[in-house]
Each structure stands twice: as structure tokens, then as C-alpha cells.
Amino acid sequence: MPQQPVPQQPMSPHAAPQYPMPRLPSVVPGILLIVAGALGVLLAIGIIMIPGVLFLFGGGGNVDAFSDFASGFVITAVIVGVVSLAALVTGIVLAVRTAKKRRRIRHAAMGWPMYR
């Protein structure tokens, strides 16, 4: 006796997919870069403030001799600040791109239309 095909019920647009969700890319590296960049910028600000605070605690004095001492701190603060800003910007870009990729994968898995 031939079997009749079982009629399928129409699927609701809000129903869960019948297959497992694909593994989504992680946003953790982007967030870690953002945190490291922000902490680095704060560190650079602290480094640039150290010589001024030391000068004030020392009671002032010879400004010419102090400027030689402070120039090393300024160079260090600029290097730390530039690297930290690069990490901060890279983290923001990475987090945004990963979030968009996650959204695109999730929408494709659920069968939802993509809007820009």
C-alpha cells in the first residue's frame, strides 16, 4: 500500500528553527582591547602628571633643570598614549564588526530578512 505524504503545517514566522544555531564569533577580544586602551590612556595621563606633581611637592626651584628631567616622562607618556589610542580604536572597530557579523549570522539562522 503506497504511503501518502504527511501534510506539513505552515510554520509560524516566530517559530524557532529546527536546526541548531551556528556558533557565533566572540566579541570578547574587541571588548578587551577597548578596556586595555582606556586604561592605557589613563596611564598616559598619569605619567604626564607625575613630573608636575613631583615639582610641586619639591617646592619648585630650578625650572631649566626640571625640564630635562620631565622630558623623559613626556616622551614615555606620548608613546603609551599613542599605543593605547590605537588599541582603543582597534577594539571599537573589532567589536562593531563582530556585532554586525553576529547579527547577520543570527538573522540568517532564524530566516529573518536582512535590513541595512
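## A greasy patch on the outside

A patch here is built from residues with over 30% relative accessible area and no salt bridge, and nonpolar side chains are joined into one when they lie within 5 Å. Keep in mind that this is a predicted model.

By that rule, a nonpolar patch sits on the surface, and its members together have about 1,100 Å² of accessible area. The residues that form it are Ile31, Val35, Leu39, Leu42, Ile45, Ile48, Met49, Val53, Phe57, Val74, Val78 and Val82.

## Who supplies it

Helices H1 and H2 each put in at least two residues. H1 gives the most, with nine. Val35, one of the patch residues, has its place in helix H1.

## How the two helices pack

H1 covers residues 28-57 and H2 covers residues 63-110. Their axes come within 7 Å and cross at roughly 170 degrees. Angles over 145 count as roughly antiparallel, so H1 is roughly antiparallel to H2.

What hand does the crossing of H1 and H2 have? The crossing is left-handed. As for the residue classes in the contact of H1 with H2, there are 27 nonpolar and nine polar residues, and no charged ones.

How values were computed: Residues numbered from 1 in each chain as written. Predicted model: local features only at pLDDT ≥ 70, side-chain atom pairs only at ≥ 80, totals over all residues. Heavy atoms only, no water. Axes fitted to C-alpha atoms, helices over the stretch in contact; angles between N-to-C directions. Helix = DSSP H or I, 4+ residues; strand = E, 2+ residues; numbered from the N terminus. Parallel < 35°, antiparallel > 145°, perpendicular 65-115°, else oblique. Left-handed = near helix turned anticlockwise from the far one by under 90°. Nonpolar A, V, L, I, M, F, W, Y, C, P; charged D, E, K, R; others polar. Patch = residues over 30% accessible without salt bridge, like charges linked within 9 Å, V, L, I, M, F, W, Y side chains within 5 Å. Areas by Shrake-Rupley, 256 points an atom, 1.4 Å probe, with all protein chains shown as cover. Salt bridge = Lys/Arg side-chain N within 4 Å of Asp/Glu carboxyl O.
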